[in-house]
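Student: Could you take me through one part of this model up close? I'd like to hear about the spot that holds the ligand.

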Amino acid sequence: MKIFDNKTSLQSYLVTISNQKTTIGFVPTMGALHAGHMSLLKQSITNNDITVTSIFVNPTQFNNAKDLEKYPRTLEADIEKIKTVSNAIIVYAPNVEDIYGNNPVSNHFDYDGLEHQMEGKFRPGHFDGVGTIVKFLLEIVHPTNAYFGEKDFQQLQIVRKMVAKNNLKTNIICCPIYREPNGLAMSSRNERLTPVERSDAAIIYKSLIMAREKFIFGTVSVKTIGELVTKTIHSNENFKLEYFQIADEETLLPCIRRSKNKNYRAFIAVFVNNIRLIDTISLK
Ligand code: AMP
């Protein structure tokens with residue numbers, strides 16, 4: 001398996017193994033890999049000649065220093081997991097200096113308002129950090145296809161916008177959410193939950209399912225659905241709802257009055273003690 005810790009050697013290697021016709025699939029991650037990440041890698045392997053994955057905990061997308069410090073870093077275990085998918089996957093695991101030199105700051109991005117909703121509201125600067133790292137990585141790897149999880153749906157839409165605005169040639173592919181057996185969306189942050197918290201956190205997905213049923217049935221207002229979800233989450237005193245929003249998938253603007261021509265989605269962020277979890281569900 002090829003593992004690179006710097007962009008120059010990664011790029012030189014990619015030049016030697018590819019030509020104009022080679023398709024490159026790319027899966028950017030922050031490591032602490034789980035079955036959700038593996039599903040992205042498998043999709044890339046199936047659909048491309050070469051698959052590259054990056055493992056980099058990007059400091060500029062963290063608005064909370066404690067969250068950055070506590071983010072799990074498990075490179076050796078990650079590499080073992082990647083090997084179980086394929087030995088041919090190329091891993092790029094740089095340090096902060098390789099990406100940012102001695103100045104780890106983000107560039108500013110305009111995503112036509114997508115950045116002002118939900119994660120953008122509660123994590124100031126987060127999407128500038130995401131745009132900075134994703135653009136940087138796409139410009140190093142030049143992938144044909146890059147794979148992103150539906151779990152981070154707002155991020156997916158933001159990346160699509162950034163790619164379009166910068167005329168990058170990569171197709172952005174959306175991959176389905178992988179869940180634990182109790183329905184909790186897989187996340188690297190789940191590792192930080194106690195077994196009881198991890199089991200109780202099933203309520204997050206359950207409340208999304210409830211919201212979906214109520215929305216599709218159409219007898220209660222969007223506001224009432226929000227109140228029901230808040231009540232459900234707060235029935236556990238260790239859980240704190242940061243936001244619940246039903247929004248238009250394209251603009252991410254909150255749904256106030258339903259329109260037949262729009263696709264809606266529910267988004268949720270919950271603190272389980274100090275660990276922040278997000279999830280989403282299509283309301284189609
Ligand atoms: P992360 O390492 O959290 O930055 O995630 C890397 C990629 O994996 C992102 O595109 C995520 O949306 C995706 N991802 C994270 N969790 C899941 C999941 N449970 N199922 C599918 N994809 C996921």
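Tutor: Sure, and let's begin with the walls. β2, α2, α7 (126-141), β5, α8 (153-165), β8 (264-272) and β9 (275-282) each put at least two residues into the lining of the largest cavity. Keep in mind that this is a predicted model. Among those elements, α7 has the largest share of that lining, with 6 residues. The volume of this largest cavity comes out at about 850 Å³. It has 48 lining residues, and M30, H37, K151, D152 and Q155 are the closest to its centre. Sort the lining by class and you get 24 nonpolar, 16 polar and 8 charged residues.

Now for the occupant: the ligand sits in this largest cavity. The shell around the ligand is made of 16 residues, and the closest of them are M30, G149, D152, Y178 and M186. M30 and D152 turn up here among the closest to the ligand, and they are also on the list of residues closest to the cavity centre. By class, the shell splits into 9 nonpolar, 5 polar and 2 charged residues.

As for which elements feed that shell, β2 (24-29), α2 (35-47) and β5 (145-149) each contribute at least two residues. Here α2 gives the most, with 3 residues, whereas for the cavity lining the largest share came from α7.

Zoom in on the polar atoms and you'll find the backbone doing some of the work of contact. A polar backbone atom of M30 is 2.9 Å from an oxygen atom of the ligand. G149 also has a backbone N or O atom 2.9 Å from a ligand oxygen. With Y178, a backbone N or O atom lies 2.8 Å from a nitrogen atom of the ligand. As for cover, the ligand has 480 Å² of accessible area on its own, and the protein covers 93% of that.

One more thing to look for while you're there: the count comes to 2 cavities of 30 Å³ or more. The second largest cavity has a volume of about 50 Å³. Its lining consists of K151, L184, A185, S187, N190, I204, L277, I278 and D279. K151 is worth clicking on, since this residue lines the second largest cavity and is also among those closest to the centre of the largest one. In the second largest cavity, β9 has the largest share of the lining, with 3 residues, and the lining divides into 5 nonpolar, 2 polar and 2 charged residues.

Terms used:
Residues are numbered from 1 along each chain as its sequence is written. This is a predicted model: local features need pLDDT of at least 70, side-chain atom pairs count only at pLDDT 80 or more; totals for chains, interfaces and linings use all residues. Side-chain values use heavy atoms; hydrogens and water are left out. A residue is near a molecule or strand if one of its heavy atoms lies within 4 Å of it. A polar contact is a pair of N or O atoms within 3.5 Å; within protein, one must be able to donate a hydrogen and the other to accept it, and residues adjacent in sequence count only if both atoms are side-chain atoms. Accessible areas come from the Shrake-Rupley method with a 1.4 Å probe; for residues, only the protein chains shown count as cover. On a 1 Å grid over the protein atoms alone, a cavity is a set of points where a 1.4 Å probe fits but cannot get out, and a pocket is an open set with protein on both sides within 12 Å along at least five of seven lines; lining residues have an atom within 4 Å of a point. A molecule sits in a cavity or pocket if more than half of its atoms lie within 2 Å of its grid points. Helices (H or I, at least four residues) and strands (E, at least two) are DSSP runs, numbered from the N terminus. Ala, Val, Leu, Ile, Met, Phe, Trp, Tyr, Cys and Pro count as nonpolar, Asp, Glu, Lys and Arg as charged, and the others, Gly among them, as polar. Grid points are joined across faces, edges and corners, and a volume is the space filled by probe spheres set on the points.
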